[in-house]
Amino acid sequence: MSMEVNKDDNMVSDMILIVDDDEINRGIIDNIFSPYYSTDEAADGLEGLSKILADPDKYCAILLDVMMPKMNGLEVLRKLSDEELTSRIPVFLITAEVNSESLHEAYHLGVMDVILKPVTPYIVLRRINSIVELFRARKRLGNRVERQNIKLLENAKKIIELNQGMIEALSTAIEFRNGESGEHVRRIRDITQYLLEHTELGEGLTAEQINNIALASVMHDVGKIAIPDNILGKPGRLTPEEFEIMKTHTVQGGLLLEKIPQLRDNGVYEYAFDIARHHHERWDGRGYPDGLKGDEISLWAQIVSIADVYDALSCKRCYKDAFPREKVLRMIRDGECGTFSPKLLKCFFEAEETLCKLYDGNA
Amino acid sequence: MEQVRLEQLESAGIDVKDALSRFMGNANLLEKFLKKFPDDQNYKKLCEALEADDAEAALAASHTLKGVCGNLSMTELSGLLTEQVREFRAGEYSSAKELMPKITAAYERTVAAING
């Protein structure tokens with residue numbers, strides 16, 4: 001903590017720039033401030049302005065005489081105001097006389113205070129100290145808030161990554177039960193995301209929605225945790241009774257997701273529930289569990305459905321070997337493994353050239 | 001500061017007590033800045049500007065000199081210069097110029113006192 005405070009302080013300058021064309025005036029002011037600040041001097045407005053513009057953060061305050069050759073104090077002030085520097089560095093006018101018109105303009109341009117010559121050291125020091133301290137405190141606070149914001153964002157990102165990790169871990173654990181490696185859920189996520197990002201299927205969806213759908217797709221089979229081992233791991237064809245039990249993984253998945261309160265508050269939930277329950281519906285209405293037909297089935301459930309079929313056909317499963325790519329594509333096209341919307345099929349075959357690379361290791 | 005020196009400066013129209021307060025009571029520092037005064041170019045600039053009838057340059061020099069005198073508590077001189085600046089600002093160039101003999105006298109007395 002103490003190091004952080006030092007870091008803040010290091011970012012705050014302690015140098016005062018004295019801009020006055022008279023050496024004696026500069027010397028007097030220098031003498032007042034040098035015990036507390038480092039000082040720099042400029043002998044006219046132009047020199048002062050170029051020193052400031054060269055490195056504005058070098059100075060914690062600028063003391064500006066008004067009547068000076070080359071460029072007077074008000075002109076310097078106007079330039080500083082144009083550059084929006086008067087809100088970053090406190091500027092003080094130190095002048096032998098003031099008229100109300102130039103005073104008005106000076107304050108309008110953002111001058112912090114106007115101090116009359118001849119200066120009274122105690123007063124000038126007090127007035128300038130308090131404003132410099134105010135600017136320093138404001139800057140320190142700004143730096144700290146900024147760093148805290150960065151930290152909060154980093155933490156939020158970590159939490160999101162952890163959430164995704166937990167969701168993948170849960171889904172993968174369930175995969176393990178039917179002897180799959182966990183690569184299946186990751187490929188379903190990749191295929192879903194690819195179809196949404198690279199085909200017309202994703203039109204009208206925001207990047208956040210697409211990410212949520214992709215994450216939700218990971219959870220499509222969580223209901224399988226409720227399916228007994230002897231059915232889930234059966235090497236051959238299921239009996240009609242066994243198949244009825246197997247089919248309940250869709251409804252069970254929805255029920256399970258419903259019971260995670262943290263998930264229900266998350267943007268992923270609606271998609272996850274829908275996908276878990278409906279990824280075995282069919283375009284022709286002959287799927288399960290609800291027999292939804294056509295566009296009654298959500299886009300994301302349709303996409304996960306075709307991704308699931310494609311992946312199952314392309315890989316070895318406990319009940320089948322991996323099929324060659326040509327056979328997989330023919331079976332999908334001929335509707336041997338479900339029916340899909342024409343638009344979905346069109347987009348899928350478009351994307352498949354790329355998607356097949358996911359299976360290079362299996363080929 | 002020695003009494004003699006103090007009286008010498010006071011007699012030339014310098015409010016030493018006021019000036020010392022501006023230098024945090026540091027008499028050596030006040031002396032150091034007083035010693036710079038004879039080398040300050042603004043009096044010379046003022047005379048030259050009036051010679052050339054350059055009202056603007058005269059005002060600038062008079063104004064700056066007034067600031068210096070104020071800071072060094074040269075009450076008499078700074079009073080005269082304040083008056084002159086006011087005349088310049090009011091466009092009363094000749095009235096301003098007419099103040100020069102008084103200003104010169106006060107200036108020379110001040111410089112003489114400083115140089116001891």
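Here's a quick briefing on how chains A and B fit together, what fills the cores, and where a few chain A residues sit. This is a predicted model, where local features need pLDDT of at least 70, side-chain atom pairs count only at pLDDT 80 or more, and totals for chains, interfaces and linings use all residues. Residues are numbered from 1 along each chain as its sequence is written, chains are lettered from A and ligands numbered from 1 in the order in which they are written, and side-chain values use heavy atoms, with hydrogens and water left out.

**Chain B on its own**

- Chain B has eight helices and zero strands (DSSP runs numbered from the N terminus: H or I of at least four residues for helices, E of at least two for strands).
- Buried residues (under 20% relative accessible area with a 1.4 Å probe, protein chains only; exposed is over 50%, partly exposed in between) make up 48% of its 116 residues.
- Take the contacts in chain B (heavy atoms within 4.5 Å) with a separation of 6 or more: 64% of them come from residues 24 or more positions apart.

**Where B meets A**

- Chain B puts 22 residues into the contact, and chain A puts in 16.
- About 1,700 Å² is buried between the two chains (accessible area, 1.4 Å probe, that two parts lose on being put together, summed over both). Carbon and sulfur atoms give 61% of that area.
- The rule finds one salt bridge across the interface (a side-chain nitrogen of Lys or Arg within 4 Å of a carboxyl oxygen of Asp or Glu). Glu23(A) pairs with Lys36(B) in a salt bridge, with the closest N and O atoms 2.8 Å apart.
- Six residue pairs, both at pLDDT 80 or more, are in polar contact across the interface. That term means a pair of N or O atoms within 3.5 Å; within protein, one must be able to donate a hydrogen and the other to accept it, and residues adjacent in sequence count only if both atoms are side-chain atoms.
- On the side of chain B that touches chain A, the elements giving two or more residues are α2 (16-22), α3 (27-36), α5 (55-71) and α6 (75-89). α5(B) gives the most, with nine residues.

**Cores**

- The largest nonpolar core (buried Ala, Val, Leu, Ile, Met, Phe, Trp, Tyr and Cys residues joined through side-chain atoms within 4.5 Å) has 61 residues. Phe33(A), Phe37(B) and Leu72(B) have the most contacts inside this core.
- Helix α8 (residues 100-115) of chain B gives the most to this core, with seven residues.
- Leaving aside neighbours within four places in sequence, Leu72(B) is in contact with residues of both chains, including Ile24(A), Ile28(A), Phe33(B) and Phe37(B).
- A second, separate core of 45 residues includes Ile191(A), Leu196(A), Leu329(A) and Phe348(A).

**Charged residues in chain A**

- Arg187(A) is in helix α7 (residues 183-198) and is buried at 11% relative accessible area. Not counting residues up to four places away in sequence, Arg187(A) touches Asp311(A), Cys315(A), Leu358(A) and Tyr359(A).
- Glu281(A) sits in the loop between α13 (269-278) and α14 (299-314) and counts as buried at 5% relative accessibility. Glu281(A) and Gly338(A) are 57 residues apart in sequence, with their C-alpha atoms 8.6 Å apart.
- Lys343(A) lies in helix α16 (residues 342-355) and is partly exposed at 43%. Leaving aside neighbours within four places in sequence, Lys343(A) is in contact with Glu200(A) and Leu201(A).
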